[in-house]
Amino acid sequence: MKNKLGRSPAVLYCPICTRYVDGQVEQAGRKLQAAPGQKCPRCASTLDAAIVVQLRQAA
Ligand SMILES: [Zn+2]
């Protein structure tokens, strides 16, 4: 498992195009936030402001 940065795959909600997209989240203290530097695959906007909807938990 490569999880040094504490990033996890998750479903994000892009507020720009109002779609749910796949992305990564990172742990910031006790809360999760969208990992910086990602772009929305639909509208190419930054996902820094995206809302974390759901973690994708690996089986
Ligand atoms: Zn978008």
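**Exercise 1. Identify the bridge partner of alanine 28 in E3, and describe the turn beside this pair.**

Solution. Alanine 28 has lysine 31 of E3 as its bridge partner. The model is predicted, with local features requiring pLDDT of at least 70 and side-chain atom pairs counting only at pLDDT 80 or more, whereas totals for chains, interfaces and linings use all residues. Residues are numbered from 1 along each chain as its sequence is written. Next, consider the two strands: E2 and E3 run antiparallel and are joined by 4 bridges. (Strands are DSSP runs of E with at least two residues, helices are runs of H or I with at least four, and both are numbered from the N terminus; two strands pair if DSSP finds at least two bridges between them.) Finally, the hairpin of E2 and E3 has 2 residues between the strands, and glycine 29 in the turn has a positive phi of about 70°.

**Exercise 2. Determine how E1 pairs with E2 and with E4.**

Solution. Begin with E2 (residues 19–28), which pairs with E1 in the antiparallel sense over 8 bridges. Within this pairing, valine 11 stands opposite aspartate 22 in E2. The E1 and E2 hairpin has 4 residues between the strands, and threonine 18 takes a positive phi near 50° there. Then turn to E4: E1 (residues 7–14) pairs with E4 over 4 bridges, again in the antiparallel sense. Here tyrosine 13 has isoleucine 51 of E4 as its bridge partner.

**Exercise 3. Assemble the sheet and state which strands stand at its edges.**

Solution. The protein chain has 4 strands and 0 helices. Along the chain from the N terminus, the elements run β-β-β-β. In space, the 4 strands form an open, antiparallel sheet in the order E3-E2-E1-E4. E3 (31–34) and E4 (51–55) each have a single partner strand and stand at the edges, so one side of each lacks a neighbour in the sheet. On average, neighbouring strands are turned by 50° against each other, direction ignored.

**Exercise 4. Assess the confidence of the model and the burial of its residues.**

Solution. First, the mean pLDDT (the predictor's confidence in each residue, from 0 to 100) of the protein chain is 89, and 88% of its residues reach 70 or more. Among the elements, E1 has the highest mean pLDDT (95) and E3 the lowest (91). Second, 15% of the 59 residues count as buried, that is, with 20 or more other C-beta atoms within 10 Å of their own, C-beta atoms being placed from the backbone.

Notes
Axes are lines fitted to C-alpha atoms, for helices over the stretch in contact, and angles run from 0 to 180 degrees between N-to-C directions. A residue is buried if 20 or more other C-beta atoms lie within 10 Å of its own, exposed if 12 or fewer, and partly exposed in between; C-beta atoms are placed from the backbone.
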